[in-house]
Structure formats: C-alpha cells, structure tokens
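User: Please take a close look at one strand of this model and explain how its two faces and its neighbours are arranged. Afterwards, kindly add a word on other parts that merit attention.

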Amino acid sequence: MTPTPRRPILGVAAADPEYANAYADAVERSGGRPRVILPEHSRQPEHTLERLGALLVVGEDDEDPKGSAEGPERRTGPDDGPELDLGHSRLIEAALKANLPLLCVSLGMQVLNGAMGGKVGRSVSGHGPCQQDGQEVSAYHRIFISPGSKLAAVVGSGGFVRVNSRHHTGLVDAQRSPLLIASAYSLEDGIIEALESPEHRWVIGVQFHPERRNELPPHFGRLFQSLVERAEEHLSASR
C-alpha cells in the first residue's frame, strides 16, 4: 500500500489567531498544513521556522491614520517603532536568509518592504473599506499586473484586473526597497499593489486580500496553491 504523502507545514504569522483563520483555511484548501505563528513565537525566528516549508505573513487591515494621502510617512524600517511589527520583520529576515518561500499579504507586504530596507506606511485615500447598510465592506479598484512578473506567472496572466482594497496606508516607488521590484500598481494613483524579490526563488507581497476569495477572480487562489507547491519543493530539497 502506497503511503499517503505528508502535507507540508506552512507558517501563518499574524497578530492574533482570529485574524489568521481565513489564511489558515486557504492553506488547508490548497493542500498544506497551517501553523499559526503569533508575535510571542517570533523571538527566536530561526527556531520558529524549523521544519516549515514556507511562510505566510499577514497584517490586519490598518487603522485609518490622521492625515491625508499627502501626509507624512509613518514608518521607515524594521527598527522604527511598534507600528512595524518587529517579530514579523525578524521572521521575514530569517526566511529570506533561508530562501524560504514567502507570501506577505496586506500590511504584511509593507512589513516585507521595511524588513528589506524600504520605507513603509504613507497615508493614502480611496483604498480603505466602505460602509454599506451599516456594515464594513471592501472597496474595489483596478490594478495593472506586470506581464512576465512572478505574480503574473502564478495567477496566470498580467494586465488589468479588479481587486479588493482594505488599507489606509500604502507604498509608492519612493518608499520601495531597492531590493524589491513592483509587479502591480493601482491605476488610479500609482500605489504599489504587489512586490517581489528578484534575488529569491519565491518571495511575493500583495496589498490586496486573496484570502477573501469571493471578492477576487478565482485564479488568485493560485497564490496559496503555488506557495504550498513551493513549500513541498523546499522541504524535498532540504531532506
């Protein structure tokens, strides 16, 4: 009898277990085993990442800051105060050093940028969630995904697509780390919607929310599927 292959373990780094649930479900649906990593688990990042095939770093929808889209930058790097989660930054740095497959979502993308030497967190308008019938719902806008990018290869195509939007801070090219390339932009104002590392095998950050699968075209679920596949490859290579 052929043994059932073990599913790869993927770390899901989040500020609290409740926020990690949707991402853990996405990993499960894609064939992986999620392991939630909370800030208190990040004090020894190399130890935390042991036996993981990949890392998923997620940030909560950021609160609406004071100021306008032209307001000052609020965070500038991995050691620049509590708003930039130091635990997540250290996890990202350790994952990059180990060439671990890495997906960073929402505020997680901004933490990735900060951990790699970029500036993070400028107030932006028109990207936060909306109120509808007394409930908070996602906003939507069109972005352009660069053909030939890793993101385009994963989701199946580049070009124009409509995505969800739930953030009040964002990046423009002036804040981007020189170690990362922008692979997607908002058409309305040029806010960066995706980043990736050309020096690593699979490091992608997205500002939109692929875990909210009813709000995006179905092929964006391939982000989680591809991460699980890369996790399997990483674990096989390290055995």
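Analyst: In what follows, a strand is a DSSP run of at least two residues and a helix is a run of H or I with at least four, each numbered from the N terminus. The model is predicted.

The part chosen is strand E9, which spans residues 139-145. In a regular strand, side chains alternate between the two faces of the sheet. In E9, the covered face carries Ala 139, His 141, Ile 143 and Ile 145, while Tyr 140, Arg 142 and Phe 144 make up the uncovered face.

E9 pairs with two strands. With E10 (residues 159-165) the pairing is antiparallel and comprises 7 bridges; within it, Arg 142 has Arg 162 of E10 as its bridge partner. With E12 (residues 181-186) the sense is again antiparallel, over 3 bridges, and here Phe 144 faces Tyr 185. Two residues of the uncovered face, Arg 142 and Phe 144, thus have partners in E10 and E12 respectively.

Elsewhere, helix H4 (residues 107-115) is mostly covered, with 9 of its 9 residues buried. Among them are Leu 107, Met 109, Val 111 and Leu 112, together with Gln 110 and Asn 113. Just beyond H4, Gly 117 adopts a positive phi of about 95°.

At the surface, Arg 6, Arg 35, Arg 51 and Arg 239 form a patch of positive charge. Arg 6 belongs to the segment preceding strand E1 (9-13). Arg 6 meets the accessibility cut-off for such a patch, over 30%, because its relative accessible area is 68%.

Technical notes. Residues are numbered from 1 along each chain as its sequence is written. This is a predicted model: local features need pLDDT of at least 70, side-chain atom pairs count only at pLDDT 80 or more; totals for chains, interfaces and linings use all residues. Side-chain values use heavy atoms; hydrogens and water are left out. Buried means under 20% relative accessible area, exposed over 50%, partly exposed in between (1.4 Å probe, protein chains only). Two strands pair if DSSP finds at least two bridges between them. Patches are made of residues with over 30% relative accessible area and no salt bridge: like charges are joined within 9 Å, nonpolar side chains (Val, Leu, Ile, Met, Phe, Trp, Tyr) within 5 Å. Accessible areas come from the Shrake-Rupley method with a 1.4 Å probe; for residues, only the protein chains shown count as cover. A salt bridge is a side-chain nitrogen of Lys or Arg within 4 Å of a carboxyl oxygen of Asp or Glu. Lys and Arg count as positive and Asp and Glu as negative; His and the chain ends are not counted. The place of a charge is taken as NZ of Lys, CZ of Arg, CG of Asp or CD of Glu.
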